[in-house]
Every structure is written in structure tokens, then in C-alpha cells.
Amino acid sequence: MTKRDFLALEDWEPAEVEELLALAGRIKRGEVSGGLEKRVLAMVFMDPSLRTRTSFETAMFLHGGHAVVLEPGKGSWTLETEPGAVMDGASVEHIVDAARVLGRYADALGVRSFPRGSDWAVARQDAIIKSFARHCEKPVINLESARRHPCQALADTMTLREKLGSVEGKRFVLSWAWHPKALPTAVPASAALAAARLGMEIVIARPEGFQLDPEDSALIRKIAQEAGGELVHIIDDPDEALVGADAVYVKSWGSVKLYGKPEEEAELRAGLRDWRLTAPRLRSTRGGKGIVMHCLPVRRNVEIDDQVLDGPNSVVVDQAENRLHAQRALLLELIGEGVSGKR
């Protein structure tokens, strides 16, 4: 079997992603079963999870496979991640050895690892997920890293098409929201990249100081232009950004400029609690019917008001459900056998 990793959605050709989405649609309609019998997925969660862990475990079960979950430091050894480390401290096992061994036990390996350290120039390299991919002989799936959450992006793409139909040229607003702590940029960057690939008009609304990583912003613009879409930055104005929106993706993220400086970052965000999606703001979307998206978990009445989350525009639960169907398709593509229509 040829090893194929799933580390970022943009690593796969558009036609390959289209095949995944087509398969996910068939799966959701109940047209596909089996295909993962006697297959094993090992997952290493270095950070918490609800939807990712549950959906992948469920996906393996539904297709006849088995999932193994490891949480370093909680039932499995703590992992050393630095190359060439002299391991005379708290970490017991090196990531190199863990990746190699798990590649012998399982047919695929999933890894979640949020940004670590105090230097964004280092964290943005995504060294942990890349190290697992380098040293594991089986396919590695990114369950969210410092820079990307491709599984969420796959489900987001599926949801946008289901809810909006033809998406080309429609307005996708990625709207920053206040949060009590700085969060990774993986989800917002991945969501914007997914919408850009669909040829949507991309609006990124965020306060000054909360720009995405410059390289990610450039890639979003490049992919949008290639797909016939457009990238527009709206600074310091969440109300203007929502005007005419077909989809509003609400997500908080930290300032990459102040990464590793929590006191300064907290001071920057302190006066920004008004960056919240409310029912009055939602009325300015296209016909007041713009769909509301969020990857979950969401801080209710902090990022999005209850009235919006529980209202008719919200598709956050459908979005979460699509994680399951999209990942079932991904697993069948990477390690499955005998599924009609699969490459």
C-alpha cells in the first residue's frame, strides 16, 4: 500500500478532494458500508477532543474497523518532541520511536497537537505532525495541528455545498470573535482555504493585531484567485463585514504577532468583547438568511449568542455531523478496500 498522508487540504488536488466529497455524500445517504474490516486506526491526542475523537472512533466501528486512542501522559508515556534531545527529564518516549512502532501496529495514525512553545516562528513549522508523518510508515492524518485542521475543512466544504448549493461567487465571511484566551489559527486558516478553493468571495473580519499568519493569508488569496473568487480584508468592523454574507464562520484566534506574550495578547483583546455574533448583526446577511458556522466547542454568549446558535440560521450541528461522513470517506480512501467508486 502506498503511503498517503492527510496533513493539509491544499496538499490534495482539487479532483482528489472532489472524489472524497462525492464518497462522503454516498456514505451519508447510506449507500456505502464496510471496507475497513480488520483495519486499525491509532490516534494520539496530545490535546483534548470531543468531535474528532468520537467521530473517528465511530467511523472505524461503522465500517468494521477498530480505533485505538492514546493520550500521552494519561495512560501512555509522555512524548519527547525535540530532535536530538538528551532525554534525562520528564519525557519517557521519543516521538520518533512512537511513530515507528504505531506504524507497525496500525494501518493509519491520527495525531492532534496544538501549538507549543513561545516562538511562533518555531510553532508555525508544525514540527510534531510532520515528524509523525516522516517516521511513521503508514498514512498520517492531521487531527489538528498548529497550522491546519484539514478534517474540519473537509466537513466545512461539504456543509457549505449542502446548505448553499452552488457556492461560486457567494460571500463567505470569516469573523473573529472575542474569547477569554488565545486560540490556534488552524481552524480559521483551514476554513478560509476551503472556501477559497470553492471560488467564494472571502471576507476576513478581525481587529487590528489579529491578522492570520502572513503566509496563510497569501495562500488564501492565491487559491481564491485561482478558483475565480476574491479575497477582501475588512479591519475593525464586524458589522460591515456581515453585509450580504451567505455564510458566516465565527471563530476566535490569537494574535500571531504576540504569540508567546500572553499578557500583551490579553491586553490587546481586552476591549474587544463586542466582537460577537448577535441576532441584530445576523439580519445584515443576505436576506437575513446567511448560514452560521462554527467548528465547536463554542463559548455561548461570548462568541455567538444563544438566539443565533439555536436559531434557524445555525448549521453548527450539521457541520459537526459532517465530520463523521467526511472522515469515513477519508479513511476508506486511505486504508479501505472493496468500496465501489473509490480510486
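This section describes the cysteines and the internal cavities of a predicted model.

No disulfides were found in a search of the whole structure. For cysteine 136, the closest cysteine sulfur belongs to cysteine 151 and lies 15 Å away, too far for a bond. Cysteine 151 also supplies the closest cysteine sulfur to that of cysteine 295, at 13 Å, and this separation is likewise too far for a bond. A disulfide would require the two sulfur atoms to lie within 2.5 Å. Cysteine 136 is buried, with a relative accessible area of 3%; cysteine 295 is also buried, with a value of 8%.

Two cavities of 30 Å³ or more are present in the structure. The largest has a volume of about 80 Å³, and its lining includes Ala8, Leu9 and Glu10 together with Arg148, Pro150, Ala153 and Ile223. Helix H6 (150–164) and helix H7 (186–197) are the elements that give two or more residues to this lining. Helix H7 gives the most, with four residues. By class, the lining of the largest cavity comprises seven nonpolar, one polar and three charged residues.

The second largest cavity encloses about 60 Å³ of space. Among its lining residues are Trp176, Pro238, Leu242, Val248, Val250 and Trp275, as well as the charged residues Arg276, Arg281 and Glu303. At least two residues of this lining are supplied by each of strand E7 (171–176), helix H9 (238–242) and strand E10 (247–251). The lining of the second largest cavity divides into eight nonpolar, one polar and three charged residues.

Key:
Residues are numbered from 1 along each chain as its sequence is written. This is a predicted model: local features need pLDDT of at least 70, side-chain atom pairs count only at pLDDT 80 or more; totals for chains, interfaces and linings use all residues. Side-chain values use heavy atoms; hydrogens and water are left out. Buried means under 20% relative accessible area, exposed over 50%, partly exposed in between (1.4 Å probe, protein chains only). On a 1 Å grid over the protein atoms alone, a cavity is a set of points where a 1.4 Å probe fits but cannot get out, and a pocket is an open set with protein on both sides within 12 Å along at least five of seven lines; lining residues have an atom within 4 Å of a point. Grid points are joined across faces, edges and corners, and a volume is the space filled by probe spheres set on the points.
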